[in-house]
Amino acid sequence: MSGLRFVLRRVALSLVTLWLLSVIVFLGAQVLPGDVGRAILGPLADPRAVAALDHKLGVDRPLLVQYWDWSSHFVTGDMGRSLVYRQPVGPFLAAALANSLKLAAIAFLLVVPLGIFGGVVAAMNVGRALDRIITVTGLSMTVVPEFVSSIVLILIFGVWLEWLPVSASWREGAGAFTQFRHLLLPAVPLVLVLFGYIARMARAGTVEALDADYTRTAVMKGLPFRTVVWRHVLPNALLPTITVIATQMGYLIGGLVVVETVFHYQGIGSLIYNAAKAKDFPMLESGVLMIGVVYTIATLIADVLYSLLNPRIRFGGRE
Amino acid sequence: MSEVTTASVAVETLRTVRRERLRVILRSPTFLAGAILVGFWILCALVGAAVVPVDPYATDLLHELAPPSAAHWFGTDQLGRDVFSRVIVGARDILTVAPLATLLGTTLGTALGLVTGYFGGIVDETISRLIEAVLALPLIVVALLALVAIGASDSTVVVVIGLVFTPVISRTVRAAVLAERSLDYVSAAELRGEGSLYIMFVEILPNVVPPILVETTVRLGYAIFAVASLSFLGFGIQPPSADWGLTIADNYGLIDGGFWWTVTFPAIAVASLVVGVNLLADGLSKALAE
């Protein structure tokens, strides 16, 4: 009962967040540029041409009308027409999202086990040299911008060793393995950024669990250390890591903007970047809002999953 | 008489704590490594232009893309400009824009955090929801949206990153203020009849400085990360600056041809600066936590 109430409350809060987000994005893309037609046509354009374009885009209508028009259409899947391609935004967005999902999935498949393993190993050796090495390396890799690590990776694995293709575009109909080969190099910068966060959380959780009374009890009653770690330490230690992994979705998508641009990959990140370069406001607005939707859903799932897995929240109810 | 003694003892203890903290900070190898890296780049930003061997903006079309040599330590780029001089001078813009953005974010965030933490209730609830909405977007994406809308320049980058940081910093400050709010000295000040502004900024603020300091250093790292990435994407620092992100964007199309020196050195520069700032932050937060 309390579990259902918790889920409903979280869903309601997510909806409020999304609504606010849509207002922010709308204000950012429609109001901040001032005259949208002027922003697209440039400072030298004929005022009549600007007025005509404004009318055609519908940006000469009252703000509330524009917002209602845009948001109600977005909800039904109609995201307007791209100014550059003169076609509906929806199909572009869907294809880009699917591509990004592929890249993100490879990055997550690599980083989640690596990060957890690194964090647990560091925690087992807490205070020793190995712990320091993993922590400092993780911290350092996490803070280096993706474009820097991308360039270094391209130089080493693409140009010098020639092991991997430096561009993430492949011929139509390429098999899964070819696609994977092309996506491996772009996935690594994302892995580097995420590794530090996940390892840090896994380390903190494991250190705490190793120190807990139940672990001492398990050791004292004579269980083999391996069993203690697998049965008692890890399940408790890794629970908070789930939430961190989900919140990293935001950073991941931010990273996609850079990585997809460097590797020429047609995902949501490069879609937003190209829309921004071309001042394609309908595309930009919908792309940005879509990122917000994906992020909000991911954190929602993580919160619900966490509460389902954590008995203290599952049975706790109200205090 | 005894009251005065207690007070002076308290002040003395506080001083000892502060001196002890400083000693811990200065002994931390992480902090020192960070200080050396960041110090080097600050020095380059301040005096780099005066000491570089070659004019970083001078083009030399006879020596385009020359590999590293005695004349050009880091080689030359596609316009024949000296890469070494450009890397040294390139520290200046990012070390102006990123700290200013952080300063703006810290100032606004601290004020917002003090207000939400002190008053609580509906003000707090409303602002928290708004903050959550902004945080649902990655920094780069928010910045991209805003910079397209208002046009990219050094000052707009400062304002946009500063504003995006405001809610994040305000959350940290708010948490610290909530912990202070219930302490006796706040009630005492309220009973004395002090105004809210006085209590927030004169009574509470000095007590929440350590977490703000750590948060500011961490944010500075993010600001450098963001400014470099935005410059790389063409929405940050604008040409003809020798900025590292901008330089890499100009030259990375050439690395297929083996011209590694045009991008490798600026890449190392960005990496060493962000790692340096984050080592500083790490050392600082560990020392203040002890």
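**A predicted two-chain model, helix by helix**

Mentor: In helix α4 (residues 63-75) of chain A, A:Y67 and A:W70 are three residues apart, so about one helical turn separates them. Keep in mind that this is a predicted model.

Trainee: What is the class of the aromatic pair that A:Y67 and A:W70 form: stacked, edge-to-face or tilted?

Mentor: Let's set the scene first: the whole structure holds eleven aromatic pairs over all chains. For A:Y67 and A:W70, the ring centres are 6.3 Å apart and the planes make 55 degrees. Stacked needs under 30 degrees and edge-to-face over 60, with the rest in between, so this pair is tilted.

Trainee: Which residues form one aromatic cluster with A:Y67 and A:W70?

Mentor: Both A:Y67 and A:W70 are buried. The cluster that holds A:Y67 and A:W70 also takes in two phenylalanines: A:F26 and A:F74.

Trainee: A:E285 is in helix α12 of chain A. Is A:E285 buried or exposed?

Mentor: Look at the company A:E285 keeps, leaving aside its neighbours within four places in sequence: A:V25, A:F26, A:A29, A:Q30 and A:W70 are in contact with it. Of these contacts, A:F26 and A:W70 belong to the aromatic cluster. The relative accessible area of A:E285 is 3%, and the cut-off for burial is under 20%, so A:E285 is buried.

Trainee: Why is α11(A) described as largely enclosed by the rest of the structure?

Mentor: Go through the helix residue by residue: A:I268, A:G269, A:S270, A:L271, A:I272, A:Y273, A:A275 and A:A276 are buried. Just after α11(A), A:K279 takes a positive phi of about 55 degrees. The helix counts as largely enclosed because the buried share of its eleven residues is eight.

Trainee: On to the interface. Which three residues supply more than any other three of the area that chain A buries against chain B?

Mentor: The contact draws on 51 residues from chain A and 44 residues from chain B. Together the two chains bury about 3,900 Å², with 80% of it on carbon and sulfur atoms. Three residues supply 15% of the area on the chain A side, and they are A:V143, A:F147 and A:I151.

Trainee: How many residue pairs are in polar contact between chain A and chain B?

Mentor: Salt bridges add nothing here, as zero are found across this interface. Counting pairs with both residues at pLDDT 80 or more, the number in polar contact is three.

Trainee: How many nonpolar residues does the side of chain A that touches chain B have?

Mentor: Several helices of chain A give two or more residues to that side: α1 (2-31), α6 (129-143), α7 (146-160), α10 (225-262), α11 (268-278) and α12 (281-309). By class, that side has four charged residues, ten polar ones and, for the class you asked about, 37.

Trainee: What percentage of the residues of chain B count as buried?

Mentor: Chain B has twelve helices and zero strands, and its C-alpha trace spans about 80 × 45 × 25 Å along the principal axes. Among its contacts with a separation of 6 or more, 73% come from residues 24 or more positions apart. Of the 290 residues of chain B, the buried share is 50%.

Trainee: Are B:E215 and B:R219, the partners of a salt bridge, buried or exposed?

Mentor: B:E215 and B:R219 are four residues apart in helix α10 (residues 209-233) of chain B, so about one helical turn lies between them. Residues three or four places apart in an α-helix point the same way, because there are 3.6 residues a turn. Their closest N and O atoms are 3.0 Å apart. With relative accessibilities of 11% for B:E215 and 12% for B:R219, both count as buried.

Trainee: Which residues are joined into one network by salt bridges that share partners?

Mentor: The count comes to seven salt bridges over all chains. One of them links B:E190 and B:R181 at 3.5 Å, where B:E190 is partly exposed at 34% and B:R181 is partly exposed at 26%. Another links B:R192 and B:E194 at 3.1 Å, and B:E194 is partly exposed at 27%. The salt bridges that share partners join B:R192, B:E194 and B:E203.

Note on methods. Residues are numbered from 1 along each chain as its sequence is written. Chains are lettered from A and ligands numbered from 1 in the order in which they are written. This is a predicted model: local features need pLDDT of at least 70, side-chain atom pairs count only at pLDDT 80 or more; totals for chains, interfaces and linings use all residues. Side-chain values use heavy atoms; hydrogens and water are left out. Contact means heavy atoms within 4.5 Å. Buried area is the accessible area (1.4 Å probe) that two parts lose on being put together, summed over both. A salt bridge is a side-chain nitrogen of Lys or Arg within 4 Å of a carboxyl oxygen of Asp or Glu. A polar contact is a pair of N or O atoms within 3.5 Å; within protein, one must be able to donate a hydrogen and the other to accept it, and residues adjacent in sequence count only if both atoms are side-chain atoms. Ala, Val, Leu, Ile, Met, Phe, Trp, Tyr, Cys and Pro count as nonpolar, Asp, Glu, Lys and Arg as charged, and the others, Gly among them, as polar. Rings of Phe, Tyr and Trp (its six-membered ring) pair if their centres lie within 6.5 Å; planes under 30 degrees apart count as stacked, over 60 as edge-to-face and the rest as tilted. Buried means under 20% relative accessible area, exposed over 50%, partly exposed in between (1.4 Å probe, protein chains only).
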